[in-house]
Amino acid sequence: MNAMTGKKAPAGAALRRWEQDPVLSVEHLTMRFGGLVAVGDLSFDVGRGDITALIGPNGAGKTTVFNCVTGFYKPTEGRIIMRHGPGRQDDTVKTVTDSGLRFHKEGGQGVYLLERMPDHEISHKAKVARTFQNIRLFGGMTCLENLLVAQHNPLVVASGFSIGGILGLPSYKKAEEEAIERAVYWLERTHLIDRADDPASDLPYGAQRRLEIARAMCTGPELLCLDEPAAGLNPRESAELNDLLRYIREEHGTSVLLIEHDMGVVMEISDHIIVLDYGVKISDGTADEVKADPKVIAAYLGVDDEEEIDIPEVLEDVKEVVEEHEEQVHASSDVPEAQEIVIADAANYPGRQPVGSIEPPASGANNLTRIRGIGPQNERKLNALGIWTFGQIASWSAEEIRWVGSYLAFPGRIEREEWVAQAKVLAEGGDTEFSKRVDGGKVSSSRAGRGPAKGSKGGKA
Ligand SMILES: Nc1ncnc2c1ncn2[C@@H]1O[C@H](COP(=O)(O)OP(=O)(O)OP(=O)(O)O)[C@@H](O)[C@H]1O
């Protein structure tokens, strides 16, 4: 079956590379919103290991396709097949379709019918990861924390849904170490390792885009779906993005499906381009084929030679996009649901505070995320140790610094001694450059301002 046409390829007709070995096939996809047909009877294949671009004018239906593939929308009609392992696996696809099951996997192979699966299964079982048009990082968490939270699922599984975690089982410790290793790897690959301890909302726009990709890659996807990854990037950042996507494909064999308006990016890196207009496919082929297609030129690339670009207007648009984005980051600065805290080596804790003080001291807790390098995840772990105030951190002994460093298992670039120095200033009621930015709302934090953590709870020892 040919996903482009929905028909069997005529005898003798050579299948395109992406038709022979598709990681994803979208077949006869239709999505209606009331009377509006956002996507109509759309079929295409995404080749394994390819960079595939979905392009088209505004409102063509690209994001709707992404939302159907990643389970945010249930399609009105159609089938979306994700495959692990080589080839079309037509027999398995038929068996799964006829059986009414959602997927079948065996050995290294698997067939997943995404239109039947909830979004969390699409990411964890079918291994499809995505980024969004408007960045959706946890702005108040550090870069490293954002990448650890993305791997929440394997950690929960390794902890036997928390019981093992509380007991500090080796499987949990190992999974935690692997999660950190993976996070550090992707921070290095995306040139963000020096910002590991900084809140995500404190990064420049282009760096946040890279962090989103790093976060998606931490889940070990087979297919990475990127919604306008180059939006708002300057030419240097766009070139870096191209290199990163090529690296992801070449070194990890991850297939990439992207929506992109930046034709420089699309034409340079895409192996395969699908063009939509009004929810319908108007072209499908290599960059050279699509560029030469009169339908595409008419619908999309056809810019009148006489037409002049109004630079001030473009800059105004960019400003709007950036402002909208900043609002989004601040809006999404909530900390996701807390995980159980593990204190595996509690008996050897050299600190003066009792381990596992669940409640803050009567005098109130400080907002420890005003210390640069302590994000909300670390703050919770410190609270679970009974550390609630700047004064406590300011008085850490060298031994305690070492112990806490290993407890947090946090390969931060900001030395613990630097935390202690900041804590000393804050404990005296002073400010640091960073705390001023937190207090001024310029950096998202676990909570607003300088005051005590109301209703804050630590984990169990
Ligand atoms: N949840 C929804 N409810 C109603 N209409 C929707 C919904 N989502 C999308 N649409 C409509 O479907 C059509 C396709 O929208 P979509 O966002 O998929 O286009 P797009 O190609 O991604 O556009 P852009 O490039 O501007 O992001 C548009 O007319 C849009 O208004």
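**Close-up views of the sheet, its helices and the ligand**

**View 1. Strand 1 meets strand 4.** Strand 1 (residues 22-33) and strand 4 (residues 77-84) form an antiparallel pair over 5 bridges; strands count as paired if DSSP finds at least two bridges between them. Within this pairing, T30 sits opposite E77 of strand 4. Helices (H or I, at least four residues) and strands (E, at least two) are DSSP runs numbered from the N terminus. Please keep in mind that this is a predicted model, in which local features need pLDDT of at least 70, side-chain atom pairs count only at pLDDT 80 or more, and totals for chains, interfaces and linings use all residues. Residues are numbered from 1 along each chain as its sequence is written.

**View 2. The open sheet.** Here 5 strands line up in the order 2-1-4-6-5, with antiparallel pairing. Strand 2 and strand 5 (103-106) are the edges, each having a single partner strand, so one side of each lacks a neighbour in the sheet.

**View 3. Helices on the sheet.** Helix 2 lies across strand 1, strand 2 and strand 4, and runs at about 115° to strand 1. Helix 3 (residues 90-99) packs on the sheet and touches strand 4, strand 5 and strand 6 (109-113), making about 40° with the direction of strand 6. Contact means C-beta atoms, placed from the backbone, within 7 Å; axes are lines fitted to C-alpha atoms, for helices over the stretch in contact, with angles from 0 to 180 degrees between N-to-C directions.

**View 4. Around the ligand.** Residues surrounding the ligand include F33, N58, K62 and T63; near means a C-beta atom, placed from the backbone, within 6 Å. Helix 2 gives the most to this shell, with 3 residues.

Definitions and conventions:
Contact = placed C-beta atoms within 7 Å.
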